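The following report describes the secondary structure elements of the model and how they pack.

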Amino acid sequence: MRVLGVDPGLTRCGVGVVEGVAGRPLTMVGVGVVRTPADAELGLRLVAIEQGIEAWLDEHRPEFVAVERVFSQHNVRTVMGTAQASAVAMLCAARRGIPVALHTPSEVKAAVTGSGRADKAQVGAMVTRLLRLDAPPKPADAADALALAICHIWRAPAQHRLQQAVAQNRLQQAVALHAAKASNASKGRPA
């Protein structure tokens, strides 16, 4: 499985590609940051992020895109920029038919470090160890993007099995309901 992780941001949008499967050593395919100037017009910044993400999609051909789920922050301006960059990443993936998964920061931290309250240094250290790198990727946005990809690789099989189980349960319930209605109808009872 090849996953592009995206740590959305207007000034620095972290991107990282990881390949592998749960339970096996993972490989970093690429890591970087799509940057935009803070003084540029918002629309131009979003176009630059789109172009950067499109270039990563072209070069690395991921099967999935994992994006950090935007969460409430005290700084509304920061959360708006993060949400806008996140939407651009999701749009780029959706345009190509690539499935997108959203993971919360605490979910990613817990998956990579074992603690949903880990700090950036702990995440960087674990990403370095898990991907057998010489040093933590810089800036932290790049390490966070790799952590998102790792989280998705590890959690996707369990999430897929859960989705299948829920779908199977719904199907069984629908079949049982249909059978009950058919039985009642054959006996002349109202459904």
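In this predicted model, V3 stands opposite F64 of strand β4. The two strands concerned, β1 and β4, run parallel and are joined by 4 bridges. On β4 there is also A66, which stands opposite A101 in β5; β4 and β5 likewise pair in the parallel sense, over 4 bridges. Strands of a sheet pair through backbone hydrogen bonds, either parallel or antiparallel.

These pairings belong to an open sheet of 5 strands, ordered β3-β2-β1-β4-β5, in which the pairing is mixed. Strands β3 (27-35) and β5 stand at the edges with a single partner strand each, so one side of each has no neighbour in the sheet. On average, neighbouring strands of this sheet are turned by 20° against each other, direction ignored. Helix α1 packs on the sheet and touches β1, β2, β3 and β4, its direction making about 160° with that of β3. The edge strand β5 has two faces: A101 and H103 form the covered one, whereas V100 and L102 form the uncovered one.

Helix α2 spans residues 76-95. With 20 residues, α2 reaches 28 Å from its first C-alpha to its last, close to the 28 Å expected at 1.5 Å a residue. Its buried residues are V79, G81, T82, A85, S86, V88, A89, C92 and A93. An α-helix has 3.6 residues a turn, so residues three or four places apart point the same way. The cover over the buried residues of α2 includes β1 (2-7), α1, β4 (64-68) and β5 (100-103). Just after α2, G97 takes a positive phi of about 75°.

Which residues have the most contacts inside the largest nonpolar core? They are L4, V6, I49, I53, L57 and V65, in a core of 19 residues. Two or more residues of this core come from each of β1, β2 (12-19), α1, β4 and α2. The most is given by α2, with 5 residues. Apart from this core lies another, of 18 residues, which includes A111, V112, V127 and I153. Returning to the largest core, I53 is one of the residues with the most contacts inside it. Leaving out residues up to four places away in sequence, I53 touches V6, C13, V34, A89 and C92.

Two further residues, H60 and P139, are set side by side below.

| Residue | Location | Relative accessible area | Contacts beyond four places in sequence |
|---|---|---|---|
| H60 | helix α1 (residues 42-60) | 7%, buried | R2, V17, V29 and G30 |
| P139 | loop between α4 (120-130) and α5 (140-186) | 22%, partly exposed | R12, V33 and R35 |

Why is H60 classed as buried? Its relative accessible area is 7%, and H60 counts as buried because that class covers values under 20%. P139, at 22%, is partly exposed because this class lies between the 20% limit for buried and the 50% limit for exposed. In space, P139 is 19 Å from V70, C-alpha to C-alpha, and the two are 69 residues apart in sequence.

Methods. Residues numbered from 1 in each chain as written. Predicted model: local features only at pLDDT ≥ 70, side-chain atom pairs only at ≥ 80, totals over all residues. Heavy atoms only, no water. Buried < 20%, exposed > 50% of the residue type's maximum accessible area, 1.4 Å probe, protein only. Contact = heavy atoms within 4.5 Å. Expected span 1.5 Å × (residues − 1). Core = buried A, V, L, I, M, F, W, Y, C linked by side-chain atoms within 4.5 Å. Pairing = 2+ DSSP bridges. Axes fitted to C-alpha atoms, helices over the stretch in contact; angles between N-to-C directions.
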